[in-house]
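Colleague: I would like a close look at the aromatic pairs in this model, and then at what surrounds the ligand. Please take the residues one by one and keep to what can be computed.

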Amino acid sequence: MDIYLAPLEGLTDYTFRNSYEQVYGKGKIAKYFTPFISPNSSENFLTKEMRDVDRDNNKGLYVVPQVMTNNSKDFIWTIKKLHKELGYEEINLNLGCPSGTVVSKKKGSGFLGDIEGLDKFLYETMSDKYVQDNNIKISLKTRIGLDTASNWEEIIGVYNKYKLEEIIVHPRIRTDFYKNEVNKEAFKYALRMSTNKVVYNGDIFTRRDYLDFLTEFKECDAIMLGRGLVADPALINVLKAEDPVNYVRDLQKDKEQLSKFHEKVLNERLKIMSGDKHAIHRMKEMWCYMEYVFDDKKDVKQVKKSQKMEEYKLAVKVLLNNTNIVEKEHISFWKKH
Ligand SMILES: Cc1cc2nc3c(=O)[nH]c(=O)nc-3n(C[C@H](O)[C@H](O)[C@H](O)COP(=O)(O)O)c2cc1C
């Protein structure tokens, strides 16, 4: 099974991706997706966007930059820049973001409400001379609809008109955000009807979730995980084990690795973030997921309360000293989105 790391804005930036590869990945993650770049007509990336796709910050990893736009001209200049200046050969389009400000501009999952416009956009992109001449691989990360799944067949029909690298399907509609059950029937439909390769994404947080997925979707050979790998980065060892059913986790080692991973991410972030506050805030975002693998949340509270770096580091140390990691059967994340 190929495992992809999902783009998670505010979480899976290059500091996270590199630290992950060093501590856990080492070839285990087939593709790392960047959180989205949002181009406009200025034909330039923001400093933060540039830093995240800069080749010097992405050495030795297979990275797929993700772009969010509904304007083919903007998509094409971004593709050219990513290819010509930075050497990326595969680029992903975001058709899933559910945020209100994005959807109101008909971007992200908002674009799924204008199927004709989306078709035109894909036509203009896929027939562009630069894209064709350079064999740029375009993939999509898509929901199954904006406010209804009833257009999913039509949307798949549009995707089938183009030779895409793959479509990564998060089987929810925009109004689900990241809650409610995933729509397995819609995913089955995609597997059956898509002429492009189909990758699954959504709610694989534990070994149990993964094993259930394997039983239900035997024909799928690539999955993308987001929150599950942030919460429990060592879950990758189970996913890539020869026998994921019987693989025995060394939870003490997993905790040591989590400590190492956390330290690497923090140190890398401190290099680019001015002041403790910003870096601590970003680390706390990670703890909103990582807290679920500890058998007691008491010491996590102190981590989340800390304001100063010394206080934060001490709270993390206390947590890691006092509290065990456990492998859970199911995780139900605090519904943030
Ligand atoms: C905090 C957060 C940020 C996200 N940022 C992005 C993003 O930049 N691009 C994107 O395509 N999806 C984004 N997503 C969606 C995830 O990539 C993924 O589709 C979603 O979390 C479902 O997968 P999971 O259940 O494995 O987490 C984000 C999700 C969360 C929770």
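Modeller: What follows goes through the aromatic pairs, then the charges over rings, then the ligand and a few single residues. Please keep in mind that this is a predicted model.

I start with the rings. A pair of aromatic rings is described by the distance of the centres and the angle of the planes. The count for this structure comes to 18 aromatic pairs. One of them is formed by F16 and F261, with 5.1 Å from centre to centre and 85° between the planes. That arrangement is edge-to-face, because an angle over 60 degrees is classed that way. The two partners sit in distant parts of the chain: F16 belongs to helix 1 (residues 14-25) and F261 to helix 12 (residues 251-272), with the two positions 245 residues apart in sequence. F16 counts as buried because its relative accessibility is 0%. F261 is likewise buried, at 0% relative accessibility. The cut-off for buried is under 20% relative accessible area.

A second pair, F187 with F217, is also edge-to-face, at 5.1 Å centre to centre and 85° between the planes. Here F187 is in helix 8 (residues 184-193), while F217 is in the loop between helix 9 (207-216) and strand 9 (222-225), so the pair ties together parts that are 30 residues apart in sequence. F187 has a relative accessible area of 0% and is therefore buried. F217, at 3% relative accessibility, counts as buried too.

The ring of F16 is also part of a cluster: ring pairs link F16, Y20, Y24 and F261.

Rings can also have a charge over the face, and two such cases are worth listing. R55 lies over the face of Y88, 3.8 Å from the ring centre. K81 lies over the face of F45, and there the figure is 5.6 Å from the ring centre.

Now the ligand. Around the ligand there are 20 residues, of which P7, Q66, K141, N201 and D203 come nearest. By type, the residues of this shell divide into 9 nonpolar, 7 polar and 4 charged. Three polar approaches can be given atom by atom. On the backbone side, a polar atom of E9 is 2.8 Å from a nitrogen atom of the ligand. From a side chain, a polar atom of Y178 lies 3.2 Å from a nitrogen atom of the ligand. N201 deals with an oxygen instead: an N or O atom in the N201 side chain is 2.7 Å from an oxygen atom of the ligand. As for cover, the ligand on its own has 610 Å² of accessible area, and the protein covers 96% of that.

Of the residues that come nearest to the ligand, Q66 can be followed further. Q66 is placed in strand 4 (residues 66-67). Its relative accessible area is 2%, so Q66 is buried. The Q66 side chain also makes a polar contact within the protein, with the side chain of N94, at 3.3 Å.

Another buried residue is Y130, which has a relative accessible area of 15%. Y130 lies in helix 6 (residues 129-133). Between Y130 and H83 there are 9.9 Å in space, C-alpha to C-alpha, and the two are 47 residues apart in sequence.

K304 gives a different accessibility class: at 32% relative accessibility, K304 counts as partly exposed. K304 lies in helix 14 (residues 298-305). K304 and A315 are 11 residues apart in sequence, and their C-alpha atoms are 8.7 Å apart in space.

Last come two loop residues with a positive phi. K106 is not a glycine, yet its phi is positive, near 60°. K106 is found in the loop between helix 4 (100-103) and helix 5 (115-126), and at 45% relative accessibility it counts as partly exposed. N135, which is not a glycine either, has a positive phi of about 50°. N135 lies in the loop between helix 6 and strand 6 (137-142). With a relative accessible area of 63%, N135 is exposed, because the class begins over 50%.

How values were computed: Residues numbered from 1 in each chain as written. Predicted model: local features only at pLDDT ≥ 70, side-chain atom pairs only at ≥ 80, totals over all residues. Heavy atoms only, no water. Phe/Tyr/Trp six-rings, centres within 6.5 Å; stacked < 30°, edge-to-face > 60°. Helix = DSSP H or I, 4+ residues; strand = E, 2+ residues; numbered from the N terminus. Buried < 20%, exposed > 50% of the residue type's maximum accessible area, 1.4 Å probe, protein only. Lys NZ or Arg CZ within 6 Å of the ring centre and 35° of its normal. Near = heavy atom within 4 Å. Polar contact = N/O pair within 3.5 Å; in protein donor to acceptor, adjacent residues only side chain to side chain. Areas by Shrake-Rupley, 256 points an atom, 1.4 Å probe, with all protein chains shown as cover. Nonpolar A, V, L, I, M, F, W, Y, C, P; charged D, E, K, R; others polar.
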